[in-house]
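Student: Before we discuss this model, may I see the sequence and the structure together?

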Amino acid sequence: MASIFKTTEISNPEFESNNLRFITVKTKNLNGRGDICVFVPPFKNLENLPIVTLLHGVYGSAWIWAHKAGVHFTALKLMEAGVIKPMVIAMPSDGLWGDGSAYLPHNQANYEAWIVDDIIAAITENIPCTSEASPLFISGLSMGGFGALRLGAKYSKKYQGISAHSSITNTNQMHLFVEEDEANYKQENRDNEDVFQTILTNQNHLPPIRFDCGKEDLLIEYNRDLHQKLISENIPHNYQEFEGAHEWSYWQEHVKKSLLFFSNLT
């Protein structure tokens, strides 16, 4: 089958390390190139593996989940212990607009379609143990938590599970992290700026949802508010709070919950 991308570059296995692969594709959604860091389990005879899209927060890029949280080491250790099933973890850049794109369409680029369309196509085209039959899951931290909750709900017929950590819940919180004007994130349909409204709109066909936040996190009250709103609308979900702040030590530890959650859904 022909590629949907004009150009694709993929890392040479001879120089790869720690089961990480790197893919760069040119896509009209970004008006240029986008990067994906991919963890591929080093086991034989794998096919149709689940694909977990793991979104980063502000300031970061495709490398950050691996090289600030070691998620590939965590995943492999859990797989080798039989705690979770093998899965491919796709860690894309957000499109590298400003301090963070919020995974929304704006400023002549479609950062939303980059995630929900291009990432899956790039993985299934280039990672042999995946296919169009692979179950899809989405997770992320902070701005990536916003992306995971919103995109997972909006494209609920595509994703089979959603998990998020320390999430922004509305674009009106982006100012806490970015120097760009929040007006850049405004959407024609204002519901797309808010996690709760997106979930509410799609409440009749949602996949399983979980999210968590540290008790010392600056976003804790927003996460508690989202939890209470979901309860008020009788929308099934799992919400947890743990000790910790908006920091990598928290995400390094609690990403395990996302991986286990997804594994249990396959």
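Tutor: Contact means heavy atoms within 4.5 Å. The model is predicted, with local features needing pLDDT of at least 70, side-chain atom pairs counting only at pLDDT 80 or more, and totals for chains, interfaces and linings using all residues. Residues are numbered from 1 along each chain as its sequence is written, and side-chain values use heavy atoms, with hydrogens and water left out.

Student: Which residues does I123 touch?

Tutor: Residues up to four places away in sequence are not counted. With those set aside, I123 touches I23, I36, V38, I51, V88, A90 and T130.

Student: Which element gives the largest share of the largest nonpolar core?

Tutor: A nonpolar core is a set of buried Ala, Val, Leu, Ile, Met, Phe, Trp, Tyr and Cys residues joined through side-chain atoms within 4.5 Å; buried means under 20% relative accessible area (1.4 Å probe, protein chains only). Among the 57 residues of the largest core, I36, I115 and I123 touch the most other members. Helices are DSSP runs of H or I with at least four residues, and strands are runs of E with at least two, numbered from the N terminus. The largest share of this core, nine residues, comes from helix 3.

Student: Where is A102 placed?

Tutor: Phi of A102 is near 65°, a positive value in a residue other than glycine. A102 counts as buried because its relative accessibility is 0%. Its place is in the loop between strand 5 (88–92) and strand 6 (105–106).

Definitions and conventions
Buried means under 20% relative accessible area, exposed over 50%, partly exposed in between (1.4 Å probe, protein chains only).
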